[in-house]
Amino acid sequence: MVILATNIKNDYTFMENILKSLGIQEINNGCSTGTNYFASGDVIESFSPVDGKLIAKVKVATENDYEKVVQVATEAFKFWRNVPAPKRGEIVRQYGEKLRAKKNDLGKLVSYEMGKSLQEGLGEVQEMIDICDFAVGVSRQLYGLTMHSERESHRMYEQWHPLGIVGIISAFNFPVAVWNWNSALAWICGDVCIWKPSSKVPLCAVACHNIWNEVAKANNLPEGISCLLVSPGSVGEKMCEDNRVPLVSATGSTRVGKIVGTKVANRFGRSILELGGNNAVIITPNADLQACLPGIVFGSVGTAGQRCTTTRRLIIHEDIYEDVKQKLISAYKQLRIGNPLDENNHVGPLIDKNAVKDYLVSIERVIAEGGKILVPGGVLEGKGYESGCYVKPCIAEAKNEFSIVQHETFAPILYIMKYKTLDEAIELQNSVPQGLSSSIMTLNMREAEQFLSTNGSDCGIANVNIGTSGAEIGGAFGGEKETGGGRESGSDSWKAYMRRQTNTINYGTKLTLSQGIKFDF
Ligand code: UN1
């Protein structure tokens, strides 16, 4: 189902070798590289934003393929749910081990197909390894509570059962890790997964899947525990409407999330939504600027501003506003923009030319609304920038109420604004429709605690003296308001992948009704 592009075969041998080591190679004229991959539809092309080159063509899934996948996954679930959870954990452990061995290759593919820096590509694979380790531990801890029954000789407790098929819809910006946050937990919980990745990064998905297939084969597992459907079309919608898929976990824009959430809720399915962010950092006069600046700059320009946790707004105290502004301008001057596979570069390309268009429109809009550009943006041209996707990180002075500031643009545009009191800063931070990540930079304990209190940040993530991006897998990840309310990854997020059952057992000699009801006859 993967056909490598001629240029990859001829002039880009480093990538051909990487793809080979990840099991992505042309077999029989572009047909079939593994099981659990259903694709009989059209062919889509994967271009690298790094150099604009075609990497490969990938066949996509049709609605018919979707039906087949659901059937295979349904059968696989009947087997998988009966495998003891710690044994399921052992399979996930082996998956993590394979990832360790293939970290370099997969990290490079992520970097080349998606455009994030090599360090970040490797970091993404590291998140996968970490979540696998975490899931292995959780596989021995799928705890329920026990509670005292009000009735004599009764025992009451709760237990957690697998749900069934988990549909995973992932976005281009984290082509491998976010799927694995979901899949590693779903697997240990006894669920089977159907993954619909972004069709902008299909090769990363095929690679992850090939690695799964190796583990499945070595352990004689049936096909269908992990399924992949590459589809730019209606397959995602079908999944949202399908009663046989009890949980859909979707990462993407708020616009897409609204459709997913509504469709799934309409059939009383469950969803985990991880949608847009509009993350702010408050910098108080008590901040250690030296220490916090790298976190702020990385949060704003890392992944070329294409993380849902990217820092989009800086809310700076008026007394230090000019100083911070100058420091930012000087830091932005030192940024190296270019090929993300070159470790000297800080900022790689945007995912495609549409993203470049959105970036340019947003800059125009902030100017039109009265904003002032401090560090000008623009599209880079010339040698090394042939893909047309490299843009300059931009800083604008803006007002929080500007409609463009209220909106998430997936690009490196940072809006900065002033505040007088911390109450006002927190009010600004919270006054956006999204609620994913937030930070305060301060060494003052009262300021930090106010920010973290009930009257503080309204986001799912609130940090002190670190930036808004780069959350560790051990915490629950997700946000409030238009971010969708879902939680993935660490803490007790596993509960979303299971159904809870309350059990009351009468081991006495008579049947007592609760609530004092007598029913004698
Ligand atoms: C995303 O952008 O969808 O916190 C996920 C972070 C990463 C995950 C981002 N660990 O920036």
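Modeller: Two residues are in contact when heavy atoms of theirs lie within 4.5 Å. Keep that cut-off in mind. This is a predicted model.

Biologist: What makes you say that Arg 307 touches Phe 410?

Modeller: The cut-off is 4.5 Å between heavy atoms. Arg 307 meets it with Phe 410, and also with Glu 120, Asn 173, Phe 174, Phe 298, Arg 312, Ser 469 and Gly 470. That list leaves out residues up to four places away in sequence.

Biologist: Where does Arg 307 sit in the chain?

Modeller: Arg 307 is in the loop joining helix H10 (289-301) to strand E12 (311-317).

Biologist: Why is Arg 307 called buried or exposed?

Modeller: Its relative accessibility is 10%. Buried means under 20%. So Arg 307 is buried.

Biologist: How do you know which residues surround the ligand?

Modeller: A residue is listed if one of its heavy atoms lies within 4 Å of the ligand. Among those around the ligand are Glu 127, Trp 181, Arg 307, Cys 308, Gly 470, Ala 471 and Phe 477.

Biologist: What makes the approach of Arg 307 to the ligand a polar contact?

Modeller: The limit is 3.5 Å between N or O atoms. A polar side-chain atom of Arg 307 lies 2.9 Å from an oxygen atom of the ligand. The pair therefore counts as a polar contact. Backbone atoms do this too. A polar backbone atom of Gly 470 is 2.8 Å from a ligand oxygen. For Ala 471, a backbone N or O atom lies 2.7 Å from an oxygen of the ligand.

Biologist: How much of the ligand does the protein bury?

Modeller: The ligand taken alone exposes 320 Å². The protein buries 99% of that area.

Biologist: Now two alanines. Why are Ala 398 and Ala 462 labelled as they are?

Modeller: Ala 398 has 10% relative accessibility, under the 20% limit, so Ala 398 is buried. Ala 462 has a relative accessible area of 32%. That value lies between 20% and 50%, so Ala 462 is partly exposed.

Biologist: Where are these alanines, and what do they touch?

Modeller: Ala 398 is in the loop between strand E14 (394-397) and strand E15 (413-419). Beyond four places in sequence, Ala 398 touches Val 366, Val 405, Tyr 415, Ile 416 and Met 417. Ala 462 belongs to strand E18 (residues 461-464). Leaving aside neighbours within four places in sequence, Ala 462 contacts Ser 438, Phe 451, Leu 452 and Ser 457.

Biologist: What makes a set of residues a nonpolar core, and which residues have the most contacts inside the largest one?

Modeller: Its members are buried nonpolar residues of listed types, joined through side-chain atoms within 4.5 Å. The largest core here has 162 residues, and those with the most contacts inside it are Tyr 95, Leu 106, Leu 109, Met 128 and Ile 283. Helix H7 (residues 202-218) gives the largest share of this core, 10 residues. Domain 1 (2-275 + 487-500) and domain 2 (279-472) each supply at least three residues. Take Met 128. Among the residues it touches are Tyr 95, Leu 106, Trp 179 and Cys 208.

Biologist: How do you know that domain 1 and domain 2 are in contact?

Modeller: The test is again heavy atoms within 4.5 Å. By that test, 24 residues of domain 1 are in contact with 23 residues of domain 2. The centres of domain 1 and domain 2 are 30 Å apart, taken over C-alpha atoms.

Note on methods: Residues are numbered from 1 along each chain as its sequence is written. This is a predicted model: local features need pLDDT of at least 70, side-chain atom pairs count only at pLDDT 80 or more; totals for chains, interfaces and linings use all residues. Side-chain values use heavy atoms; hydrogens and water are left out. Helices (H or I, at least four residues) and strands (E, at least two) are DSSP runs, numbered from the N terminus. Buried means under 20% relative accessible area, exposed over 50%, partly exposed in between (1.4 Å probe, protein chains only). Domain bounds come from an automatic or database domain assignment. A polar contact is a pair of N or O atoms within 3.5 Å; within protein, one must be able to donate a hydrogen and the other to accept it, and residues adjacent in sequence count only if both atoms are side-chain atoms. Accessible areas come from the Shrake-Rupley method with a 1.4 Å probe; for residues, only the protein chains shown count as cover.
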